[in-house]
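User: I am new to this structure and would like a close look at one part of it. Could you walk me through the metal site and then show me what lies around it?

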Amino acid sequence: MILKQIKELKTFLDTPKRVVIVGHRNPDGDAMGATLGLFHYLKKKGHKPTVVVPNEYPKFLHWLPGSKKTFRFDWQNSQSQKAIKNSDIIFLLDFNALHRVGHDMQSTLEKYQNDFALIDHHQEPDEFAYMYSDTEMCSTCQMIYHFIEKMGDIHLLDSDIASCLYTGIMTDTGSFRFRSTTSLTHKVIAHLIDNGAENHRIHSNVYDSSSFGRLQLLGQALSNLKVLPEYKTAYITLTEDEKEANNFVKGDTEGIVNYALSVEGVILAAIFIEDKEQQIIKISFRSKGTFSVNKFARKHFNGGGHDNASGGKSDLSMDETLIKFCDLLEDNKEQLIHSYDS
Ligand code: 5GP
Ligand code: MN
């Protein structure tokens with residue numbers, strides 16, 4: 001059966017189904033919020049949903065309702081494989097191509113025989129059976145809200161669903177301040193609060209849970225900040241030694257790139273983080289105005305994302321990566337200088 005339209009999906013989900021829900025590798029607030037939000041909704045509808053998370057997610061998301069029921073593909077591999085194999089449908093949330101779940105899990109998903117349903121806000125998604133793709137949306141969590149609306153079930157919102165969706169909208173919009181935040185986003189948020197999302201508590205759970213080490217690492221990152229006014233660019237580096245010296249744990253570098261973007265006049269920001277385990281330099285890009293870091297990351301750093309927030313990687317050393325980056329700044333000087341439109 002090919003489920004292309006929401007009508008077909010709705011009919012399919014009229015009877016209880018085994019559903020697997022997957023987010024991208026290195027899950028963030030939006031991926032975790034969306035997968036768990038959909039999990040609670042489908043459970044309430046009488047289905048048997050299982051969230052399969054590719055790998056570790058940050059500690060500041062462990063409080064999310066339902067997170068303890070998720071399977072980690074890297075840890076609980078046989079349970080995860082079994083859940084995937086036996087499912088009637090798989091939802092792919094907050095990513096646009098199967099390789100974004102990581103190598104091993106990608107191979108498993110590629111063997112899957114039934115339909116995939118994609119709900120995502122990244123650009124240029126691959127083709128799956130059911131596609132709800134909207135690159136204007138601030139977050140996949142807002143799309144899950146609209147998906148539940150499309151299913152005619154918005155009355156089923158409860159505090160678990162609302163808390164999960166609130167979290168992803170909050171983290172993907174930088175607490176409701178990025179350009180993608182619309183009046184509709186605020187209406188959705190208001191409805192989520194009315195249905196049990198405790199906004200002050202969620203902010204505190206996510207943002208007020210820094211370890212001493214994370215703050216020390218932030219200090220290191222800020223002292224590594226370089227500003228290149230001639231390119232309206234600022235960047236930060238973090239080496240493996242610096243991470244180790246500050247007891248780095250996953251999630252500690254989340255959001256640090258935004259400090260580089262907050263420098264007056266800067267429209268392009270990057271953070272380069274050495275990852276010994278994967279033998280890469282992991283990069284996050286942020287921009288303001290018309291300079292597309294999605295295109296930049298796709299073209300030069302084997303990555304992608306959104307126009308103003310993207311990521312990628314480099315197989316070169318840190319020094320070589322920085323030389324490549326600076327050469328690219330020179331090549332893109334005109335676009336950088338003229339990007340800032342506000
Ligand atoms: P972050 O910098 O917060 O990790 O990611 C910013 C955005 O870029 C997110 O939407 C994320 O999905 C996307 N992104 C990050 N890294 C990669 C990557 O290596 N490849 C692709 N295609 N997208 C990425
Ligand atoms: Mn997202």
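Analyst: Here is a walk through the metal site, followed by one further residue, a cavity and the whole chain.

This is a predicted model, in which local features need pLDDT of at least 70 and side-chain atom pairs count only at pLDDT 80 or more, while totals for chains, interfaces and linings use all residues. Residues are numbered from 1 along each chain as its sequence is written, chains are lettered from A and ligands numbered from 1 in the order in which they are written, and side-chain values use heavy atoms, with hydrogens and water left out.

Let us start at the manganese ion (ligand 2). Its protein donors are Asp30 (OD), Asp94 (OD), His121 (NE2) and Asp172 (OD), at 2.2 to 2.4 Å from the ion. Donors here are N, O and S atoms within 2.8 Å of the metal (3.2 Å for Na, K and Ca); water is not among the atoms, so sites may look incomplete. Along the chain, the donors of this ion follow the spacing D-x63-D-x26-H-x50-D. Distant parts of the chain are linked by the pair Asp30 and Asp94, 64 residues apart: Asp30 belongs to helix 2 (residues 29–44), and Asp94 to the loop between strand 4 (89–93) and helix 4 (103–110). Helices (H or I, at least four residues) and strands (E, at least two) are DSSP runs, numbered from the N terminus.

Asp30 counts as buried because its relative accessibility is 0%, and Asp94 is buried too, at 1%. Buried means under 20% relative accessible area, exposed over 50%, and partly exposed in between (1.4 Å probe, protein chains only).

Now to Thr173, found in the loop between helix 6 (159–172) and helix 7 (183–194). Thr173 is buried, with 0% relative accessibility. Leaving aside residues up to four places away in sequence, Thr173 touches Cys138, Phe178, Ser180 and Thr181, where contact means heavy atoms within 4.5 Å.

Helix 2 also appears in the lining of the largest cavity, where helix 2 and strand 2 (48–53) each supply at least two residues. Among the lining residues are Ala31, Met32 and Val52. A cavity is a set of points on a 1 Å grid over the protein atoms alone where a 1.4 Å probe fits but cannot get out, and lining residues have an atom within 4 Å of a point.

Finally, the whole protein chain has 14 helices and 12 strands. Buried residues make up 53% of its 342 residues, and its C-alpha trace spans about 60 × 40 × 40 Å along the principal axes.

Conventions: On a 1 Å grid over the protein atoms alone, a cavity is a set of points where a 1.4 Å probe fits but cannot get out, and a pocket is an open set with protein on both sides within 12 Å along at least five of seven lines; lining residues have an atom within 4 Å of a point.
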